[in-house]
Every structure is written in structure tokens, then in C-alpha cells.
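Visitor: I'd love a close look at one part of this protein rather than a quick tour of everything. Could you pick a helix, walk me around it, and then show me how it sits in the rest?

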Amino acid sequence: MGERQAYAAAAIELLKELKRAGNDLPPANKAILDYVGGEIRMHCDEARALTREYENELDVTPEVRVAVAVHHAAIERNKRIVVAYLVERLRRVRSIRWEHGALMPEATRDAMTEGESDFLTAYQGLLLDFSTDMGVDLTGQLTEPPRDLFIEVRALESCGEIWTGAGPIHIEKNNTYLLRKSDVEDLLHRGILERTS
């Protein structure tokens, strides 16, 4: 990021990266986020330096007022852009969760920040609590009423950790599990698990 770059140009690049990724979740660009944080601190420091010599706010010259206003506008613009970037990333995490169920694609898991992983864990917990309280799995196939609550399934491939009514469980190839049907309907449908009983 060059020194003569326009204010907020780096922050705008974050939004452009999201747009280029379509509906996927690209890895968070920590370098640009850090740079934008530094740019915000720089604007704060420059605004403080401009006003430091004035004891009374009424003594501040019009030129200094304008300069401080420009720094403040740059800070606010950077903040709005970074918040928009972070909110859009969380929206994509939620969207991918609904699309793929409890089994998030590996590329998405790898692209998530620690904060986004924490958000997903809390979000899945909320979905689980709501589903348990209402007695309906919102993420499963709702085409017909359930006949069996628990079914025996065998993993045809390893898929890592999934969320169930009892909490997280690690699915490994060729292992057999007794799980709630509503917890594994999407995995059955996608051919990752097969019903054995």
C-alpha cells in the first residue's frame, strides 16, 4: 500500500475482493485489514496533532477545522467499509451453512477467521436450540414427517466434525453411528452416510 494512495482505497479493495469471489468466502485479507487499522490510527494521530496546540476550541483556525474534518471523514469512511466487509463475510458464512448444512466445505472452513469460526459455532448452537425447542429440524428435508428418531448409519467417507442434537461429532469413514435422523438427513442425501438399518 503506497504512501500517496487515496484515503480508503485499501479498504475499498477489501470489498472488491469479496465481489470477485462471487458467493464464496475468500480468505480474510489480514494485511489490508491491518493496513486500514494503521490508516485510521494515522488519521487520529494527525487530527490530535493539529489541535494539540490550541487550548480553547474557539481559537482553532478555519484551516485546522477543515483538516480535522477531513481526517474524521476518512476515519468514518474506513470504519464503515470495514464493518460492511465483516458483516458481508458473516452473511456468507450463514448462507453457506444453510446451503451445505452442518458440514461446511473445507475451503470455507479454511477461509474463516477465528472470530468467524466462533460465530458459526454460536450460530449452529442457536439453530440446534431452536430446532430442539420446536421439535423441527430447520436444516433438514421437511418433505415428510419423521418415522424414526434415531437411525444407524455408516460413513462412506470422512467428513470431519458435524453438529448434532447432542453436540459436535467427528465422522470417520467406515465407522457406524446411531444418530438422530434429522441431524444427518443432508449427509444421507449427499451420499456421505448410508443407512444400515
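Guide: Here's a walk that starts with the whole chain, settles on one helix, and then moves out to what lies around it.

First, some ground rules. This is a predicted model, in which local features need pLDDT of at least 70 and side-chain atom pairs count only at pLDDT 80 or more, while totals for chains, interfaces and linings use all residues. Residues are numbered from 1 along each chain as its sequence is written, and side-chain values use heavy atoms, leaving out hydrogens and water.

Now the big picture. The protein has six helices and five strands (DSSP runs numbered from the N terminus: helices are H or I with at least four residues, strands are E with at least two). Going from the N terminus, their order is α-α-α-α-α-β-β-β-β-α-β. The radius of gyration is 25 Å, well over the 16 Å that the globule rule gives for 197 residues, so the protein is more spread out than a compact globule. (That radius is taken over C-alpha atoms, and the rule is 2.2 Å times the number of residues to the power 0.38.) Along its principal axes, the C-alpha trace spans about 80 × 35 × 25 Å.

Let's zoom in on helix H1, residues 9-20. It has 12 residues and reaches 16 Å from its first C-alpha to its last, close to the 16 Å expected at 1.5 Å a residue (the expected span is 1.5 Å times one less than the number of residues). Which residues of H1 are buried? They are Ala-10, Ala-11, Leu-14, Glu-17 and Leu-18. Seen down the axis of H1, these buried residues fall within an arc of 115 degrees, so they line one face of the helix. (The arc is that of the directions from the helix axis to the C-beta atoms. Buried means under 20% relative accessible area, exposed means over 50%, and partly exposed is in between, with a 1.4 Å probe and protein chains only.) Turned away from that buried side, Lys-19 and Arg-20 are exposed. Just after H1, Gly-22 takes a positive phi of about 65 degrees.

What covers the buried residues of H1? The cover includes H2 and H3, so let's visit those next.

In H2 you'll find His-43, which is buried, with a relative accessible area of 0%. Leaving aside residues up to four places away in sequence, His-43 touches Tyr-7, His-71, Ala-74 and Ile-75 (a contact means heavy atoms within 4.5 Å).

H2 also has charged pairs. Lys-30 makes a salt bridge with Asp-34, with the closest N and O atoms 3.3 Å apart (a salt bridge is a side-chain nitrogen of Lys or Arg within 4 Å of a carboxyl oxygen of Asp or Glu). Because Lys-30 and Asp-34 are four residues apart in H2, they are separated by about one helical turn. Lys-30 is exposed at 56%, and Asp-34 is partly exposed at 42%. Further along, Arg-48 pairs with Asp-45 at 3.1 Å. Those two lie three residues apart in H2, about one turn of the helix.

Over in H3, Arg-92 forms a salt bridge with Glu-88, with the closest N and O atoms 2.8 Å apart. Here Arg-92 is buried, at 6% relative accessibility, whereas Glu-88 is partly exposed at 22%. Arg-91 joins in too: Glu-88, Arg-91 and Arg-92 are linked in a network of salt bridges. The whole structure has eight salt bridges.

Finally, the nonpolar cores. Of the 14 residues in the largest one, Val-153, Ile-162, Ile-171, Val-184 and Leu-193 touch the most other members. (A nonpolar core is a set of buried Ala, Val, Leu, Ile, Met, Phe, Trp, Tyr and Cys residues joined through side-chain atoms within 4.5 Å.) Strand E1, strand E4 and helix H6 each supply at least two residues of this core, and E1 gives the most, with three. Apart from it lies another core, of 12 residues, among them Ala-8, Leu-14, Ile-40 and Tyr-85. That brings us back to our helix, since Leu-14 is one of the buried residues of H1.
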